[in-house]
Amino acid sequence: MAGKESPDHYWSSILSTSQEEKAGIVTAVEFDESGDTLAIGDKSGHVTLFQKSNNGGYRHAYRFKSHSPTLDPLKSLEIEERINDIQFVRGRSSGMYVLTTNDKVIKLWRVQKKRSQMSRKLSHSPNRLKEALLRGSPGSSPTKFGSAPGVMSMVPPPTLRLGGKPTTASTPDEQPMMRKKDMGMQMASTLKREYGAAHAYHIHSISINSDNETFISLDSLRVNLWHLHRDAQRFPIIDIKPIDMSSLTEIVTSGTFHPDHCHTLMYTTSRGRMCFHDLRSSAICKEPAKNFEIAETAYLTKHFFSEVLTSISDAKFISGGRYVLSRDYLSLRLWDVNMERKPVEVFPVQDYLSGHLPNLYQNNSLFDRFQCAASPDGKTFATGSYSNRTIVQERKASAIALSAPPVSSSGPVQGSPIKVTPSISQLDINSTKFAEKVLLTAWHPKEAIVAVSGMNRLDVYQKKPIRP
């Protein structure tokens, strides 16, 4: 049965699936605003959408090619198609808008249901339409994934006028699944805008503003501000590149907008700093409005690995922007935005590795970048670890570890039993598999559902009440 960690609730797997070993390595995970759609990007440049089903799980809905390998004409280097980040654009019109990025180019896609050409022809011939409905979906065949969920939502305002050519599903892995009521309809992805030629270094993350009109893109040294309607113009608002690169001491590791205040954004650095910037005071950030820093005294002794351990790999605003949750290699830290001096709480999620830093440095595990996420009420946190474990930390309880269930090669599996380690103090480095790591984490915006990814697999867990 599923693992039990508290008297009244337990964690259960509601989706476990894997992709191809190399091209299918998952590189981005994100929920839409409603939580009904889950998107993942992979190393092959594909975006796969999962939608919530009637039984509460998630099932495959659509897959399309977002990026293809291209050549950088200035440096004569190949730009990989790997998807580095995915963001949903909120709105009210039909379909959904998705921002995706690889190392150099950001793309805005619209995904929606459209009537197929065969359906349009049959609609003018009632007899042929009746025969086709009795046989099944016209011009399509059943797929191994089963039926699809309902119409998707979360799109930008109807005033967004964007051009582009639609691309419909043409290969087996890009074909949507149909229900009877959706016969004659098929999913189609349309490229609306392309934002490029703005970063000298690799883009590692993007973030949509709460105004739903602007977004930022971040590389190791710069942060650019974009408007969704203007793909040819961007505004560099943060630049930490020194005149002499030999004096470079830190790089940008992540960044995000405030969930409510469209003028406030945050970025983190490899020196353990979280910098707030207020666009009302200055369009170009020379000095941060607030500076939160992991002090060197955070660890008892300073050593060769101190700087690597204090590097912040991810940070998120939680509780409506009242707090910030950050992740470094060994711990989660909870910060009060009104107290820059030190974090409110520190949760050591990988403390059992602290005595083996030289070995971790040798196998490059010390440079793994783990994401973090928080529940809608800000009381429970999730982050990844090794051996395909997901660490779940409650503010008033000890952390537990969810171990990913085995996946089937025949397709996605729902309801698989999982192993729960009731305390992370029981974890041991001798049984840790460093090649199996959960780097990506996303929390459902409304429910106790966590989506995580380790290499080529995707797992979705849900916290459920125990029924008497």
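Strand E18, which covers residues 264-269, has 6 of its 6 residues buried, so the strand is largely enclosed by the rest of the structure. The model described here is a predicted one. Its protein chain has 468 residues, of which 54% count as buried, and its secondary structure comes to 4 helices and 32 strands.

**Strand E18 and its two partners**

- In a regular strand the side chains alternate between the two faces of the sheet. In E18, Thr 264, Met 266 and Thr 268 point one way while Leu 265, Tyr 267 and Thr 269 point the other way, and all of these residues are buried.
- On the N-terminal side in numbering, strand E17 (residues 252-257) pairs with E18 in the antiparallel sense over 5 bridges, and within this pairing Phe 257 has Leu 265 of E18 as its bridge partner. The two strands E17 and E18 form a hairpin, with 6 residues lying between them.
- Strand E19 (residues 273-278) also runs antiparallel to E18 and is joined to it by 5 bridges, with Phe 276 in E19 being the bridge partner of Met 266. E18 and E19 form a hairpin with 3 residues between them, and Gly 272 in that turn has a positive phi of about 80°.

**The sheet E25 to E29**

- An open sheet of 5 strands follows the order E25-E26-E27-E28-E29, and its pairing is antiparallel. Its edges are formed by strand E25 (372-374) and strand E29 (419-421), each of which pairs on one side only, and the twist from one strand to the next averages 25°.
- Inside this order, strand E27 (residues 389-394) and strand E28 (residues 400-403) run antiparallel and are joined by 4 bridges; Ile 391 has Ala 401 in E28 as its bridge partner.

**The sheet E2 to E5**

- Another open sheet consists of 4 strands in the order E2-E3-E4-E5, again with antiparallel pairing. Strand E2 (26-31) and strand E5 (58-65) are the edge strands, since each is listed as pairing on one side only, and neighbouring strands of the sheet are turned against each other by 20° on average, direction ignored.
- Strand E4 (residues 46-52) runs antiparallel to E5 and is joined to it by 7 bridges, an arrangement in which His 46 stands opposite Lys 65 in E5.

**Positive phi outside glycine**

- Ala 197 is a residue other than glycine with a positive phi, near 55°, and its place is in the loop between strand E12 (185-195) and strand E13 (205-208). Because its relative accessibility is 79%, Ala 197 counts as exposed, the cut-off for that class being over 50%.
- Ser 319, which is likewise not a glycine, has a positive phi of about 55° and lies in the loop between strand E21 (314-318) and strand E22 (323-327). Its relative accessibility is 33%, and therefore Ser 319 counts as partly exposed.

**Contacts and surface of the whole chain**

- Among contacts in the protein chain between residues at least 6 apart in sequence, 57% join residues that are at least 24 apart.
- The accessible surface of the protein chain comes to about 22000 Å², and 51% of this area belongs to carbon and sulfur atoms.

Methods:
Residues are numbered from 1 along each chain as its sequence is written. This is a predicted model: local features need pLDDT of at least 70, side-chain atom pairs count only at pLDDT 80 or more; totals for chains, interfaces and linings use all residues. Side-chain values use heavy atoms; hydrogens and water are left out. Two strands pair if DSSP finds at least two bridges between them. Axes are lines fitted to C-alpha atoms, for helices over the stretch in contact, and angles run from 0 to 180 degrees between N-to-C directions. Buried means under 20% relative accessible area, exposed over 50%, partly exposed in between (1.4 Å probe, protein chains only). Contact means heavy atoms within 4.5 Å. Accessible areas come from the Shrake-Rupley method with a 1.4 Å probe; for residues, only the protein chains shown count as cover.
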